[in-house]
Amino acid sequence: MSTNETNYFGAHPYVEGYSESKIIEPEHIDRDSVKLQESYTRETVPRGAWVEVDLSAIEHNIRIVRKRVGLDRKIMAVVKADGYGHGAVHVAEAALRAGADYLAVSSVEEGVELREANIQAPILILSQPPMRAIPYVLAYDLMPTIFTQEFALALGEEADQNNMVAKYHLAIDTGMNRIGIFYLDAVDFIQSINFHRGLKLDGVFTHFATADDPSDWDFRMQLQRFNEALQLMRNARIDYGLAHSANSAATMRYPDSYFDMVRVGITMYGLTPGPVLRDKDDLIPAMSVKAQIIQVREPQMGEGVSYGFNYRVAKPVQIATVPIGYADGVQRALSGRMQVLYRGRPCRQVGNICMDQMMIEIPLDYSAEGVGSPAEIGEEIVILGSQGDYEITADMMADELDTISYELICMFGLRLPRIYV
Ligand SMILES: *Cc1c(COP(=O)(O)O)cnc(C)c1O
């Protein structure tokens with residue numbers, strides 16, 4: 001065996017001093033001897049890439065919604081999917097500070113997170129949870145959406161056995177065909193469960209499939225069906241609590257859909273629900289995504305960059321690496337098709353976006369301040385947000401990918417640490 005050979009099943013057999021005892025076991029690391037400022041959380045451990053969330057933007061956007069809907073309507077702040085990637089607890093607190101009345105989440109787990117953070121506002125779960133979640137619904141004072149009798153009665157029973165009354169909202173399907181009781185069956189449904197002393201109907205709602213469409217034809221049909229369902233409930237002397245239907249798009253376009261409460265998600269985050277609504281209001285996007293350069297090189301002409309070499313250096317350039325990739329929400333499909341901001345100006349992203357890194361092409365003469373000064377490790381790159389006179393919006397990325405901004409901001413929330421400013 002030559003000395004260059006390594007043993008596949010262990011270390012190099014001729015490396016001196018290798019032994020089991022040299023492996024540092026976690027319990028031998030004395031964490032107290034290292035000065036850590038705060039205990040470990042995703043928010044406190046530094047990384048070279050991060051999401052910045054401007055909570056004053058969230059407050060500002062809620063106040064814009066308040067101006068639209070007036071003081072007589074409630075505002076439900078939708079913080080599902082970890083606050084569309086912004087951090088549900090921080091967003092919920094900011095929204096409540098700015099005057100939101102209700103919160104909405106998509107699952108029991110998301111509701112529990114808010115309660116564990118000591119948030120007291122009413123919380124609606126936007127769908128009907130599985131039956132086995134009922135004890136959590138009660139213990140954490142969450143309001144489920146209901147659309148089956150089986151769940152309703154089980155919830156009522158469990159509540160009653162604990163001397164509680166469970167509040168719920170009824171989902172009414174007016175045409176989206178996702179969840180809810182068909183609008184003409186709402187009265188029958190409520191009457192079939194309303195006898196239960198463990199249940200209290202706190203609200204009824206429907207959801208629009210096309211509120212962001214240029215045409216309002218289908219929207220009008222759904223709104224008319226919802227009005228009809230409400231009228232039938234009133235005729236049957238049902239106290240249905242809060243009626244609500246408007247998502248962000250309807251809140252921005254159709255005051256006749258407000259009823260007692262509006263449910264705003266994307267607007268609160270400072271983005272618009274679709275092309276029809278762009279530039280509609282003075283919304284401020286709350287999320288930026290930034291990273292710092294970790295390496296700069298000037299490869300020879302013809303050299304390839306990143307997996308697959310589908311970018312090759314064709315003129316003298318600097319290639320800067322930033323520690324953010326598709327596992328952080330920068331969609332790989334944007335490889336070579338996106339720009340970032342550097343020294344206040346746009347730069348091309350080049351080569352395939354990797355899981356944890358991607359590369360930026362910086363022209364050699366590139367400058368804003370110091371003419372032609374070489375790119376440096378630690379310099380900031382803006383992937384989403386503004387720098388100098390330029391801004392890269394989630395809509396620009398979404399358009400390039402044929403998707404909607406909602407999806408992209410959720411993805412940026414999955415792994416990156418968040419900094420609140
Ligand atoms: C997500 C959601 C909303 C919020 O939608 P936006 O377009 O983000 O305002 C409102 N209602 C329901 C039922 C939802 O699922």
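This tour moves through a predicted model, from the ligand site to the aromatic pairs, a helix and the salt bridges.

**The ligand**

Select the ligand together with the 13 residues around it; those that come nearest are Lys80, Tyr84, Ser248, Ile266 and Tyr406. Begin with the polar atoms. In the side chain of Lys80, an N or O atom lies 2.7 Å from an oxygen atom of the ligand. The side chain of Tyr406 likewise places an N or O atom 2.6 Å from a ligand oxygen. At Ile266 the contact is made by the backbone, where a polar atom is 2.8 Å from an oxygen atom of the ligand. How much of the ligand's accessible area does the protein cover? Of the 390 Å² that the ligand has on its own, the protein covers 92%.

**Aromatic pairs**

Keep Tyr84 and Tyr406 selected and display their rings. The two form a tilted aromatic pair, with 6.0 Å from centre to centre and 35° between the planes. This pair links distant parts of the chain: Tyr84 belongs to helix H2 (residues 80-84) and Tyr406 to helix H11 (residues 405-412), 322 residues apart. Tyr84 is buried, at a relative accessible area of 7%, whereas Tyr406 is partly exposed at 24%. Now add Tyr269, which ring pairs link with Tyr84 and Tyr406 into a cluster.

The structure holds six aromatic pairs. Another to select is Phe208 with Phe219, whose ring centres are 4.5 Å apart; their planes stand at 50°, so this pair is also tilted. Phe208 sits in the loop between strand S8 (199-205) and helix H8 (217-235), while Phe219 is in helix H8, so the pair ties together parts 11 residues apart in sequence. Both Phe208 and Phe219 are buried.

**Helix H3**

Next, select helix H3 (residues 88-97) and show its side chains. Its buried residues include Ala88, Val89, Val91, Ala92, Ala94 and Ala95. What do the buried residues of H3 pack against? They pack against helix H1 (55-69), strand S2 (74-78), H2, strand S3 (102-105) and helix H4 (108-116). Just after H3, inspect the backbone of Gly99, where phi is positive at about 110°.

**Salt bridges**

Side chains of opposite charge can pair when their charged atoms come close. The structure holds 16 salt bridges, and a few merit individual selection.

Start with Asp141 and Arg115, whose side chains meet at 3.9 Å, N to O. Arg115 lies in helix H4 and Asp141 in the loop between helix H5 (134-139) and strand S5 (143-146), so that the view spans parts of the chain 26 residues apart. Is each partner buried or exposed? Asp141 is exposed, with a relative accessible area of 53%, but Arg115 is buried at 14%.

Move to Asp216 and Arg220, which form a salt bridge at 3.5 Å, N to O. Here Asp216 is partly exposed at 33% relative accessibility, and Arg220 is partly exposed at 32%.

Then select Glu361 and Arg348, with their closest N and O atoms 3.4 Å apart in a salt bridge. Glu361 is in strand S16 (residues 358-363) and Arg348 in strand S15 (residues 345-350), so the pair ties together parts 13 residues apart in sequence. Glu361 is buried at 6% relative accessible area, whereas Arg348 is partly exposed at 38%.

Finish by selecting Arg47, Asp328, Asp356 and Arg415, which are linked in a network of salt bridges.

Definitions and conventions
Residues are numbered from 1 along each chain as its sequence is written. This is a predicted model: local features need pLDDT of at least 70, side-chain atom pairs count only at pLDDT 80 or more; totals for chains, interfaces and linings use all residues. Side-chain values use heavy atoms; hydrogens and water are left out. Rings of Phe, Tyr and Trp (its six-membered ring) pair if their centres lie within 6.5 Å; planes under 30 degrees apart count as stacked, over 60 as edge-to-face and the rest as tilted. Helices (H or I, at least four residues) and strands (E, at least two) are DSSP runs, numbered from the N terminus. Buried means under 20% relative accessible area, exposed over 50%, partly exposed in between (1.4 Å probe, protein chains only). Contact means heavy atoms within 4.5 Å. A residue is near a molecule or strand if one of its heavy atoms lies within 4 Å of it. A polar contact is a pair of N or O atoms within 3.5 Å; within protein, one must be able to donate a hydrogen and the other to accept it, and residues adjacent in sequence count only if both atoms are side-chain atoms. Accessible areas come from the Shrake-Rupley method with a 1.4 Å probe; for residues, only the protein chains shown count as cover. A salt bridge is a side-chain nitrogen of Lys or Arg within 4 Å of a carboxyl oxygen of Asp or Glu.
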